[in-house]
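Load the model in your viewer and show it with a surface and a cartoon available. The stops below go from the whole chain to single side chains.

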Amino acid sequence: MSNAKKNTLFPKARIKKIMQTDEEIGKISQATPILISKAIELFLRDLITAGSEVTRESEAKTLSRSHLKACILNTEKFDFLSELVENIPDQIEEKSKKKRGGGGKRGRPKKAITAASTAKPTGKKRGRPKKNASNNNNKKGNPESNDNNNNNN
């Protein structure tokens, strides 16, 4: 049993806390969260393994939610999850979205290329305007400005 305590992937305290939110559950023995953690681990291993087989069959490189949906709907032991995946689009729909170029980085839509986006700048410059050369010459301490003032007098 001491070996099992060290090898749990899911935190025992969190599992115990979730279990205690149910008012019908009283005291929980020390072994219960460990067993629940192992059960979760085995369940996820089965689900991911079956999902990865669907991914390989569809010749995809990434396991997607549509692959998990197909796995859940085609495997009898995952039937209890079928209500959760009803609204997830099928694989065919996701492939057609990718072909249309529906999204850019991080799911944002790509910018459309229009005449306005490819036009050259209008000449307005961004940022702080540069100082004129005449303003620089009139500053105090500038030897050239003193010469110009002396010549004008």
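**The whole chain**

Start with the surface: the chain of this predicted model exposes about 13600 Å², and carbon and sulfur atoms supply 51% of that area. Now colour by relative accessibility. Of the 153 residues in the chain, 18% are buried.

Switch to the cartoon. There are eight helices and zero strands, so the elements read α-α-α-α-α-α-α-α from the N terminus on. If you display contacts between residues at least 6 apart in sequence, 37% of them join residues at least 24 apart.

**Helix α3**

Select residues 31-57, which form helix α3. How many residues does α3 have, and how far does it reach from its first C-alpha to its last? The helix has 27 residues and reaches 40 Å, close to the 39 Å expected at 1.5 Å a residue.

Next, pick out the buried residues of α3: Pro33, Ile34, Ser37, Glu41, Leu47, Ala50, Gly51, Ser52, Val54 and Thr55. Keep Thr55 displayed for the stop at His67.

**A nonpolar patch**

Stay on α3 and select Ile48, which is found in this helix. Is Ile48 buried or partly exposed? Ile48 counts as partly exposed because its relative accessibility is 41%, between the 20% and 50% limits. Add Leu44 and Leu63 to the selection: with Ile48 they make a nonpolar surface patch of about 220 Å².

**After the helix: Glu59**

Move along the chain past the end of α3, to Glu59. Glu59 sits in the loop between α3 and α4, the latter being residues 65-74. Check the backbone torsion here: phi of Glu59 is near 60°, a positive value in a residue other than glycine. Most residues other than glycine have a negative phi. Glu59 is exposed because its relative accessible area, 73%, is over 50%.

**His67 and its polar partners**

The last stop is His67, in helix α4. Is His67 buried or exposed? With a relative accessible area of 6%, which is under 20%, His67 is buried.

Show the side chain of His67 together with that of Thr55, which is one of the buried residues of α3. A polar contact of 3.4 Å joins these two side chains. Then display the backbone of Ser64: its nitrogen lies 3.0 Å from a polar atom of the His67 side chain. With both distances drawn, the view has His67 of α4, its side-chain contact to Thr55 and the backbone nitrogen of Ser64.

Technical notes:
Residues are numbered from 1 along each chain as its sequence is written. This is a predicted model: local features need pLDDT of at least 70, side-chain atom pairs count only at pLDDT 80 or more; totals for chains, interfaces and linings use all residues. Side-chain values use heavy atoms; hydrogens and water are left out. Patches are made of residues with over 30% relative accessible area and no salt bridge: like charges are joined within 9 Å, nonpolar side chains (Val, Leu, Ile, Met, Phe, Trp, Tyr) within 5 Å. Accessible areas come from the Shrake-Rupley method with a 1.4 Å probe; for residues, only the protein chains shown count as cover. A salt bridge is a side-chain nitrogen of Lys or Arg within 4 Å of a carboxyl oxygen of Asp or Glu. Helices (H or I, at least four residues) and strands (E, at least two) are DSSP runs, numbered from the N terminus. Buried means under 20% relative accessible area, exposed over 50%, partly exposed in between (1.4 Å probe, protein chains only). Contact means heavy atoms within 4.5 Å. A polar contact is a pair of N or O atoms within 3.5 Å; within protein, one must be able to donate a hydrogen and the other to accept it, and residues adjacent in sequence count only if both atoms are side-chain atoms. The expected span of a helix is 1.5 Å times one less than its number of residues.
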